[in-house]
Amino acid sequence: MEKYIEKVNVLLVDDRPENLLALEAVLGDLDYNLIRAYSGEEALKCLLKDDFAVILLDVQMPGLNGFETAKIIKSRPKTKDTPIIFITAISKAPENVYTGYSVGAIDYVFKPFEPDVLKSKIESFTAIHRNKKGLEEYTELLLEKTQSLEKANQDLIETTLKLKKSEALNGIIKNTSIDAMITYNESFEILTVNPATKQMFGYEEVDLIGQKIMQIIPAATLAIEFGHEFGKRLEVTGVRSDSSNFPVEVQLGNATIDNHSIYACTIRDISELKTQMNALAHQALHDSLTSLPNRNLLYDRLEQGVKAAKNDHSNFSLILIDLNHFKVINDTLGHHFGDLLLQQVGNRLVEIVNVKDTVARLGGDEFALYLPTATKEQTIDIAKKVIHTMEQPFILDDHVLSISLSQGIVFYPDHGDNVQTLMKKADISMYTAKKKDSGYCIFSSELDTHTIEELSLVGSLKEAIENDRLELHYQPQVDMKTKKVTGVEVLLRWIHPTYGFIPPDRFIPIAEQNGLMKKLTIMVLEKALQQSKKWLEDGLELQISVNLSASNLQDMQLSDDIQILMNKYNMNPKTLTLEITESFIMSNPARARGILQNLSSMGINLSIDDFGTGYSSLAYLKKLPVNEIKVDKSFVIDMLDSKSDEIIVNTVINLAHNLGLQVVAEGIESKEVWDNLQAINCDTAQGYYLSKPVPAESFYLWYMNHNGVFAT
């Protein structure tokens, strides 16, 4: 601690030395003895030794914080009347301010503060302190019999001057306070008011003097009704001159003059504070985007619903709703349109249900319907109505969208007797509806084990992608004329630590449904290009073929992401082939054409995978910038045993060649099939007859053992 010799002690408490220096710089030119304390504990020690006119106290300190320190100061008889001003940089949120006032602070100053404002506040309280000390000194002087009359008279003059200053200072405080200050007598007749009273209540001073204080504070039999709790802050209702009500906080004080009580009432308008508190309470329980109840409020209402249903043996329903492919909308159109869609979905749901029902947004694209009075039949009708309502087009600025959704339905008490169980089973049902594309699904015990495993795979897949626990395998592609190995198809493999090998046709839909496909595709592309570059450095010039999903082809950033990776590994785009399924192309031909043209313009080769299963028109096919088609293995595998399959394969190869396209036959499992395809001029072969998909190291050994040529 460091002391400056001044007349009045002011205690500065802050754990940061730079803050104390800043306060000293502001107050240093005033007539004070500034004492530093670097913690709440050190401040309490100072208060045991010295008397202080005012304490400037920081809120956020290690050890005892400002609130705790203030509470201790106010609990000690010696220091309970010492004014405390919090100087803080924490939030101005009402709960923080309320905490400060509840432990005894008389004011808040928020950083950064105005030096003149702080000096003015300090001068007010130090002046009162000086006056108090002056009165004490005056009393002591009168009691000292050893002092001369001349000295006593001089002291009296000095004390009188101090009293005049004190009165002037008290007048300034009274006239500049934002709080209404009213005095009244034992009959509750108003004696004095300050200027703030007019601003708060709308009355002129002359209209209030002599009137009952109950005219503006109806609850105020005040001192009598509140049991003479002087100094305690009480929340009551104030009445303005126009008869409007508003919330106020009052604090009472009293004095006895000539055996009569005089009461002082300080009144603070807390309308804005109450508004802020109500807004904070609303924000805590409602979604900021849709203004619907959030997860917390839904859980609270469900808890109340469970209690009520247990008491009166009633039932209720819960529906969880998830929008299908919402992430595609966000990625394609942007979050602005995604937000607009969520708002309109919320509005439509509110229009479907009754007033007693709850529509909540749980986060992202998840909503919930709590139906406290609906029967099972009514619940199913509502689920069907939700599907029908959401099928109607959504107009988002200049975009028109159609969406689908998945709903999971549970009933209390059939499916659980607590909120956690009901939410869990509703989630399982919703996931099942999404997987089956059924619109809605009612929970049944048959769903439990299998769907919980499916849900656990979602989390496991996220973790596997983030921690690079998925493997790439490579299956060779061979030129059927030269028998040279010309490329590889990249195939993804996942070995789960619990469930073992998870086939792609199981985890790829999980990735699609849960917004993981973009991360997964970027990871595969990067690892494949990295491996291709390594092989190129080892002398292997191979075409790398990577499959794209339907959601990838909805991503407007796809070409940019691929270009970034190509630049990163300094790869020639001609070494990369992207495979797109025929079914996606035919589901949205116009969009597919635009995306394929964009990718083709980058120099990337394009291949139509699973050709023959999507009923595409070869006339339309010639309009697409593709380089090759892959005959689906379902035709290749059985072409020796099925005449129709053989005809299809032969026809596809001839027509493709006429269009200038290369043909890859996948699913070759025998030399006989190889020979047959070679005879009808198929360009490229792929299948277990050549090699099954293997890790990069195994493929390199296979390639070197064959010297890059496959011997049939």
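Strands S12 and S13 make a hairpin with 2 residues between them, and Gly364 in the turn has a positive phi of about 60°. Helices (H or I, at least four residues) and strands (E, at least two) are DSSP runs here, numbered from the N terminus. The model is a predicted one, so local features need pLDDT of at least 70 and side-chain atom pairs count only at pLDDT 80 or more, while totals for chains, interfaces and linings use all residues. Residues are numbered from 1 along each chain as its sequence is written, and side-chain values use heavy atoms, with hydrogens and water left out.

Back to the hairpin. S12 (residues 358–363) pairs with S13 in the antiparallel sense over 5 bridges, where pairing calls for at least two bridges found by DSSP between the two strands. Gly363 sits opposite Glu366 in S13. S13 also has S11 to deal with: 6 bridges join the two, again antiparallel, and Ser317 has Leu371 of S13 as its bridge partner. Of the 6 residues of S13 (residues 366–371), 5 are buried, so this strand is largely enclosed by the rest of the structure. Buried means under 20% relative accessible area and exposed means over 50%, with partly exposed in between (1.4 Å probe, protein chains only).

Zooming out, the chain holds 26 helices and 27 strands. Buried residues make up 46% of its 712 residues. Among contacts (heavy atoms within 4.5 Å), those between residues 24 or more positions apart account for 61% of the ones with a separation of 6 or more.

Towards the start of the numbering there is an open sheet of 5 strands, ordered S2-S1-S3-S4-S5 and paired in parallel. S2 (32–37) and S5 (107–110) stand at the edges with a single partner strand each, so one side of each has no neighbour in the sheet. From one strand to the next the twist averages 20°; axes are lines fitted to C-alpha atoms, for helices over the stretch in contact, and angles run from 0 to 180 degrees between N-to-C directions. Within this sheet, S1 (residues 8–13) and S3 (residues 54–58) run parallel and are joined by 4 bridges, with Val10 partnered by Val54 in S3. Helix H3 (residues 66–75) lies across S3, S4 (84–88) and S5, and runs at about 175° to S4. Helix H2 (residues 40–49) has Gly40, Glu42, Ala43, Leu44, Cys46 and Leu47 buried, and the cover over the buried residues of H2 includes S1, S2, S3 and H3.

A further open sheet, also of 5 strands, goes S7-S6-S10-S9-S8 with antiparallel pairing. Here S7 (190–193) and S8 (233–239) are the edge strands; each has a single partner strand, so one side of each is left without a neighbour in the sheet. The twist averages 35° from one strand to the next. S6 (residues 180–184) and S7 run antiparallel and share 3 bridges, and Thr183 stands opposite Thr192 in S7.

Now for the empty space. The second largest pocket has a volume of about 1,100 Å³. On a 1 Å grid over the protein atoms alone, a pocket is an open set of points with protein on both sides within 12 Å along at least five of seven lines, and lining residues have an atom within 4 Å of a point. Grid points are joined across faces, edges and corners, and the volume is the space filled by probe spheres set on the points. The lining of this pocket has 38 residues, with Leu323, Asn324, His325, Phe326 and Lys327 nearest its centre. At least two lining residues come from each of S11 (316–323), H12 (326–333), H15 (419–436), H16 (445–466), H17 (504–513) and H18 (517–537). H12 gives the most, with 8 residues. By type, the lining splits into 12 nonpolar, 13 polar and 13 charged residues; Ala, Val, Leu, Ile, Met, Phe, Trp, Tyr, Cys and Pro count as nonpolar, Asp, Glu, Lys and Arg as charged, and the others, Gly among them, as polar.

Finally, some backbone oddities. The peptide bond from Tyr412 to Pro413 is cis, with omega near 5°, and Pro413 lies in the loop between S16 (405–412) and H15. Ser291 is not a glycine, yet has a positive phi of about 65°. Ser291 belongs to the loop between H10 (271–285) and H11 (295–312) and counts as partly exposed at 47% relative accessibility. Asn707 likewise has a positive phi, near 55°, in a residue other than glycine. Asn707 lies in the segment after H26 (696–705) and is exposed, with a relative accessible area of 65%.

Technical notes
1 Å grid on protein atoms, 1.4 Å probe; cavity = no way out; pocket = protein on both sides within 12 Å on 5 of 7 lines; lining within 4 Å.
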